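I set out to record what I looked up in this structure. My topics were strand pairing and backbone geometry.

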Amino acid sequence: MQNEITNTNYSNYIEKLISNIFLNIKIIELLFYIFYKRPRIIKVRKHIYSSNYGDWDNYKYKKYGYWHNKESKDRPRRFRIGKIIAHIIIILLIILIVIYYPSYIKQILKILQTSIKTISTTVQSIITSTQPTINSTWVFQFFSIVNQYRQSNGAPPLQYCPWLDNFAHIRFETMIQNPAISHYGFDQDFNRYLSQYQSFLSAGEEVLHPNGYTPKDYVKILQSEALLHWEELINSNYMYYGYYIGYGPDYVIIGSCPVTEIPGPNINVPQYFKSYGCSVEIKNSTWLVIELSNWCNGPATITVSTINEALSPQYYIYLPIQYNLPTNSKYVELVVNITSTSPVKLFLFTPNQFNYFKSLYQQEAWSFTGPSYYYGGESTTFNAEIMLNTAQLANSGYYLVISNVLPNARYTYIVGNITIVYTPTTPNITAYNTLSVTGA
């Protein structure tokens, strides 16, 4: 009765079959060798390796792990015939297996393919395990080192800001759409998500590719090869950071290149490298997108105006103030700090009140004190804090007036700052596949 070979014992059966085949072949070859080969002694010359050119051929082969014997002898003709017959038998056996047992061949190929994949996966895992993983732990260690350098330069430490993470994610998704342009689409993304904050928000962006480096080593790389990026990280104007780690296409240098960083936004990356004689190719790599900011949450200050000008007698200067601020507060604070070389009057008007003030005759303006939203009196120094209604500020605004329309007015010089202090709402930025970060 013929035995049936199941799928479960294919591997064992094939291994035994192959072993038996090659064992029989070796036996056949050995028999031919014993029967036809005549015993003989081969004298092997010892070689001493030196710089002498006469022995260079021997030295060359020894260096690369091969033994070269100049006294090779021809083998008997009958033994060569035996070798040929053995090879023919091997070929015939392989042909028979292919014709009558094709399923075995497929199984052998399948086993080889699986083995190759296993070896490849193992090698890759070994390589990966030896490289630092770019994750949140890596990033926090990186900024810990950066903050040490900031402290030594007198800059405040960068603090983590969650909503900047969402903006960094959005920026990554935008930039990978066109990696040929550095910091692609930054202005558009900023205007779309942060335009209400542009009156006080200062933002910066870093795009780094730190895969394979420890945080400490990558800081050294930035300091030596990417000074513009490093200077941005230690810039004292920034106090907060957010980040996103992604994997996407990037232009990678092939061979050597004198360029070590892209010096700004909206630069055609491949053309820039080409202009320096460098070759690049596009590959997927790890991106670390960092967003830097001077604000994360809490009170913010807007500079409305900086005054530094002369004012003639019987003239006044006025400053329109209108902002649509992203805040839930009903009122914001206007801070006025002004000095003058001679007395002047300070007013804050609504538009209707300002129109009325403009209609006054000179003598009427000398004694005018209202109607006005705020009257600061007549003085050479003003340090006022005025609460503004946010609805009025957004719709028609206010007018700040410094008047030198006085009976005894003199030529005067005015300097000062006008600012608004308020608490903005946290930017409502919803990144791809993430939750919205919102708050007061």
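The entries below follow those two topics in turn.

**Entry on the model.** I noted at the outset that I was working with a predicted model.

**Entry on strand E10.** I looked up the partners of strand E10, which spans residues 412-422. I found strand E5, residues 300-311, paired with E10 in the antiparallel sense through eleven bridges. Within this pairing, I noted Leu-311 opposite Thr-412 of E10. I then turned to strand E7, residues 331-349, and found that it runs antiparallel to E10, with eight bridges joining the two. Here I recorded Thr-419 in E10 as the bridge partner of Val-335.

**Entry on a peptide bond.** I recalled that most peptide bonds are trans. I therefore marked as an exception to this general pattern the bond from Gly-370 to Pro-371, which is cis, with omega near 15°. I located Pro-371 in the loop that lies between helix H12 (362-366) and strand E8 (374-389).

**Entry on positive phi.** I also kept in mind that most residues other than glycine have a negative phi. I listed His-183, which is not a glycine, with a positive phi of about 50°. I placed His-183 in the loop between helix H6 (162-175) and helix H7 (186-194). Is His-183 buried or exposed? I found a relative accessible area of 16% for His-183; this is under 20%, so I entered the residue as buried.

I next listed Gln-314, whose phi is positive and near 70°. I found Gln-314 in the loop between E5 and strand E6 (316-321). I entered Gln-314 as partly exposed, because its relative accessibility is 25%, between the limits of 20% and 50%.

Notes:
Residues numbered from 1 in each chain as written. Predicted model: local features only at pLDDT ≥ 70, side-chain atom pairs only at ≥ 80, totals over all residues. Heavy atoms only, no water. Pairing = 2+ DSSP bridges. Helix = DSSP H or I, 4+ residues; strand = E, 2+ residues; numbered from the N terminus. Buried < 20%, exposed > 50% of the residue type's maximum accessible area, 1.4 Å probe, protein only.
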